[in-house]
Amino acid sequence: MKKLGWSLLIFVFPIITLCTCSSGNGASNDEVDRKVDSLISLMTLDEKIGQLTLYANDLNPTGPQKTTFCENEISNGRVGGVFNVLGTDNVYRLQKQAVTNTRLRIPLLFGFDVIHGFRTIFPIPFAEACTWDPELIKKSATLAAKEATAWGLNWTFNPMVDIARDPRWGRVSEGSGEDIFLASLIAKAKVQGYQGDDLSAPYTMAACVKHFAAYGAPIGGRDYNTVDISERTLSEVYLPPYKAAVDAGVLSVMSSFNELDGMPCTANKKLLSQLLKDEWGFKGFVVSDWTSVKELTAHGIAKDEAHAAELALKAGLDMDMQSGIFSENLKKLVSNNLVDEQQIDNAVKRILRVKYLLGLFDNPYLYIDKKRQEEITASQEIMDLALLEAKKSIVLLKNENYSNSKLLPLKKNLRKIALIGPLASNRINLLGSWHGHADTSIVKTILESLSEKLPNTKIEYTQGASFTGTDKSGFNKAIQTVQKSEIVICVIGENNALSGEAASRSNIDIPGVQLDLLKELIKTGKPIVTIVMAGRPLILDWLEENLPAIIFTGQLGTRSGDAISAVLTGEYNPSGKLAMSFPRNVGQVPIFYNHKNTGRPFDAKDRYTSKYIDVSNEPLYPFGYGLSYTTFNYSDLVLDKQTISSTDTLKITFTLKNTGNFDGEETCQLYIRDMVASVTRPVKELKAFKKVYLKKGEQVIISFTLTANDLKFFNEDMIYQYEPGEFAVFVGGNSRDLIEEKFELL
Ligand code: GLC
């Protein structure tokens, strides 16, 4: 039964009626609602509209600067929140204006894009996802909040949970990759990390899940482009991570720039009201993305800005970021009976509720404490976690023998290393595109860190090539440096500008002439370890075919240098697993592991099957892939039942053995396949994973469980349910190299 023209999203996640977060100051949800209602009853229409308006501090724009923010609008009660304000002094100055100069003294929200850290930067979210460690990611969000709130901020525009299957899209750097299950766990972890158990504490902040919805599926991978996907794909692939954030109690949602099914998300009533607020029970507020209300005119659904304001508010948008359109038009829309004041009250209530939950009415200066700012910024606790997460984000892609031994980890007695490439001695470009208010002075380069770890080794660095352009004038010096060395470490990839927002690339090769440089260096015959840093999967087919050792790091943040040198020297055995498939060439895109089988699955013996005639269907590196300095063997996969009822629990066990010469951590992955169903099903679906640390030679029996609930999907009528039939279950260290068994659901 179609309830709303869209799927009735009854997820396995428990539907919560209200934000489960406590306000900390003990006020129950009812008490908060009473306080909000009584405050609204005192407010004028102007004051209400003021709460629906959010401006960027124009010193630090994170989008096209269409509206200059005037501080006196705060004193006039025409502003509900400000973002990109830096420093407790500035936050204090603006908050003081709001709570002393306005009639009702309503405090401001102070937002910021704390995407992966604030002053101390953690790995970009795409790299974080490669840790497959939600608990660790939750800790990084907790500490990012601790640092950002010490600077007076109380709201972050994160987590970004947009599923991405197209690495041409620059914002894959900000998300958790291609898989629904992993991205949903990370979404929940980040909301819990930012908001904590006590929202009114000075070290927790409101989170904002974004960009709602399906922003990661633009046609052509081109940022801001049209999203046109089926209801099933939307419900099954793109919505679950947002739902996980809502069920975790996220206090705000950001509407996305894109249209969806012909309606821009910022004015999409089915999405913002019927699904998010009515069906999912979301009690926080919906904020637009940067001027996305204004952009309804460019989309062609609003004839002018007043019409845009009307459409957005009526659709369920509560706060207008940066366009000023609510501020300029809502009052007149009410007087012309085009907008009902009750709709404005509904929006104001949601926003004021969050301010109460944050404790801002009890103490508007709660987050302002210069001493905390100094004590907490880049504290040892934060720096240590940034290092741990950076190390665990690193993915070893290849480490094959080079003249009878593996290049990694580096030998202890090396005398001369050539360190080459634009990222080997660089700070800002280790931080990724959304690097908050990063303190680059605390970033240690790879050159600095490696020199510290290998004091008796001469490390000679030269850049060789830049990130972009065709200048090869640095090649000769690089070749000469390499010729004098025993081994080469080449650190190449993207700078911050080549990924992130408004940075889609039609060609995802290693940029500039860096690959040409590698091809020159290999001619020297010296062994080359290549480290690739990027905000997205790149095309690495030549590296895979020609080089013995390859590491992919994403962009690891403040502690990049120490993390990478710890892996190079063997101090840390790499354990990362790719959160996205790496294509062989951009023509394969979109490419993802949980694809359908089609009626003509590839068969090498049959021409008339689904394939390219110039490249394999398979990615260069599959989702979930990552090597270790040791090796792990999976064996003895056993199911405790061959058939299960809808109430049974299936127990899956297997033996994992560390068969190599290093202690190491493996992420064991469990996938299923529904062999026959009323609609086509993916050839694999990730349903569980476990991180297991084994000493060399050690083996252990690992177990997973599955129930019928784990086998649900949307049937032909878009009802979320399971169906009897045969299932395959797979376990392994990535989505390709697996051992398999079958069972039947009765
Ligand atoms: C940007 C981004 C969004 C960010 C916002 C505020 O355009 O799309 O992710 O939170 O503006 O900086």
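The legends below describe close-up views of a predicted model.

**View 1. The second largest cavity and its lining.**
Among the 5 cavities of 30 Å³ or more that were counted in the model, the second largest encloses about 60 Å³ of space. Its lining is made up of Pro 125, Glu 128, Asn 158, Pro 159, Met 160, Val 161, Glu 174, Ser 176, Ile 186 and Lys 190. By class, these lining residues comprise 5 nonpolar, 3 charged and 2 polar ones. Helices α5 (125–129) and α7 (180–195) each contribute at least two residues to the lining of this cavity.

**View 2. Asp 133 in the loop between α5 and α6.**
Asp 133 belongs to the loop that lies between α5 and α6 (134–149). Is Asp 133 buried or exposed? With a relative accessible area of 14%, Asp 133 falls under the 20% limit and is therefore classed as buried. When neighbours within four places in sequence are set aside, Asp 133 is in contact with Lys 392 and Lys 691.

**View 3. The open sheet that runs from β11 to β15.**
In this view 6 strands make up an open sheet of mixed pairing, arranged in the order β11-β18-β17-β16-β14-β15. Strands β11 (395–399) and β15 (458–462) occupy the edges, and because each has a single partner strand, one side of each is left without a neighbour in the sheet. Averaged over the sheet, and with direction ignored, neighbouring strands are turned by 15° against each other. At one edge, β11 pairs with β18 (residues 549–552) in the antiparallel sense over 4 bridges, and Asn 399 stands opposite Ala 549 in β18. Helix α17 (residues 446–453) lies across β14 (416–420), β15, β16 (487–493) and β17 (528–533), and runs at about 170° to β15.

**View 4. The antiparallel pair β22 and β23.**
Strand β22 (residues 664–674) is joined to β23 by 9 bridges, the two strands running antiparallel. Within this pair, Glu 665 is found opposite Tyr 693 in β23. Strand β23 (residues 685–694) is mostly covered, since 7 of its 10 residues are buried.

**View 5. The second largest pocket and the strands that line it.**
The second largest pocket has a volume of about 500 Å³, and 30 residues line it, with Leu 627, Ser 628, Thr 630, Thr 631 and Phe 632 lying nearest its centre. Two or more lining residues come from each of the strands β11, β19 (632–639), β27 (725–732) and β28 (738–745). Strand β11, an edge strand of the open sheet in View 3, supplies the largest share of this pocket's lining, namely 4 residues. Sorted by class, the lining of the pocket holds 11 nonpolar, 11 polar and 8 charged residues.

**View 6. Leu 711 and its contacts.**
Leu 711 sits in the loop between β24 (699–707) and β25 (713–714). With a relative accessibility of 3%, which is under the 20% limit, Leu 711 counts as buried. Which residues does Leu 711 touch, not counting those up to four places away in sequence? They are Ile 672, Gln 721, Tyr 722, Phe 727, Phe 743 and Leu 745. Leu 711 and Lys 687 are separated by 24 residues in sequence, while their C-alpha atoms are 8.8 Å apart in space.

Conventions
Residues numbered from 1 in each chain as written. Predicted model: local features only at pLDDT ≥ 70, side-chain atom pairs only at ≥ 80, totals over all residues. Heavy atoms only, no water. 1 Å grid on protein atoms, 1.4 Å probe; cavity = no way out; pocket = protein on both sides within 12 Å on 5 of 7 lines; lining within 4 Å. Points joined across faces, edges and corners; volume = space filled by probe spheres on them. Nonpolar A, V, L, I, M, F, W, Y, C, P; charged D, E, K, R; others polar. Buried < 20%, exposed > 50% of the residue type's maximum accessible area, 1.4 Å probe, protein only. Contact = heavy atoms within 4.5 Å. Pairing = 2+ DSSP bridges. Axes fitted to C-alpha atoms, helices over the stretch in contact; angles between N-to-C directions.
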